[in-house]
Structure formats: structure tokens, C-alpha cells
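Walk through the pockets of this predicted model. Take the lining elements one pocket at a time.

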Amino acid sequence: MVVLVAAATLLILAELIESAGAWGLAATLPPADQRGAYVGAFRLGSQVQYLIAPAGLTALGVTTGGWGWLPAAAIFVLVGLAIVPVVTWAGRTPRLGSQAPEPAMTSIP
């Protein structure tokens, strides 16, 4: 019973962190004038994930006799480790459709 409660608590925390991260990225990463296009593409990717993931996880986990869960877990771990460097890189990279920042005005002495 303790293991089930701990697993449910961990799942809830992970879902909250994922949701907060997705909203944070949607609000801060795209340029303001292109936010709708970026969020639309992000949501399209999420819907494709919801379409493919059940069949893929079933194929990996059930039809392989159970050992298929190991590659799935490895993928989740690798993506979890890669997300911070990828988002940091994306924050430094100019986005399509964004305006270049105007140069700072300098006074001539």
C-alpha cells in the first residue's frame, strides 16, 4: 500500500512539473508576435503523441514479454536529462519570424 501511495504521489508531482514546464515554455520561448503558431505546433505534437504512444507502449511493454519496458524507461530518462540543455539552447537561438532587436542608441561625444 505504501509503494502504491508513493508511486501515485510521484506520478502526480511529475504531471504537475510537466504541465508547469509546458506552460512556461509556451509563455516565454516563442516571440510574442508568433506565439499562436508556436503553441499550435506544440499542441499538434502533443496530439500526435496521444495518438501514437498507447500503441507504441503496448507494443513495447506487452508484446515483448515485459522486457520492452526497459527501452521505454531509457527513452524517458534520456529525454528528461536532455530537456534542460535543449531548452537553454532554444532560449539563446533566434526564432523564425521574430524581429531582430534594435541596436542600442549611443551618443556621440
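α2 gives the most to the lining of the largest pocket, supplying 11 residues. This helix runs over 35–61. α1 (2–28) and α3 (69–92) also take part, with at least two lining residues each.

In total, 31 residues line the largest pocket. Look for its centre first. E18, Q49, F76, V79 and I83 are the lining residues that lie nearest to that point. How does the lining of the largest pocket divide by class? Nonpolar residues number 21, polar residues seven and charged residues three. The space inside the largest pocket comes to about 1,200 Å³.

Now turn to the second largest pocket. Its space is about 180 Å³. Which elements give two or more residues to its lining? They are α1 and α2. α2 gives the most here too, with four residues.

The lining of the second largest pocket can be traced by name. Start with A22, L25, A26, L29 and P30, which are among the residues that line it. Then pick out Y38, V39, A41 and F42, which also belong to the lining. R95 completes the list. By class, the lining of the second largest pocket has nine nonpolar residues and one charged residue. It has no polar residue.

Set the two pockets side by side. α2 gives the most to the lining of the largest pocket, and α2 gives the most to the lining of the second largest pocket. Polar residues number seven in the lining of the largest pocket, whereas the second largest pocket has none in its lining.

Key
Residues numbered from 1 in each chain as written. Predicted model: local features only at pLDDT ≥ 70, side-chain atom pairs only at ≥ 80, totals over all residues. Heavy atoms only, no water. 1 Å grid on protein atoms, 1.4 Å probe; cavity = no way out; pocket = protein on both sides within 12 Å on 5 of 7 lines; lining within 4 Å. Points joined across faces, edges and corners; volume = space filled by probe spheres on them. Nonpolar A, V, L, I, M, F, W, Y, C, P; charged D, E, K, R; others polar.
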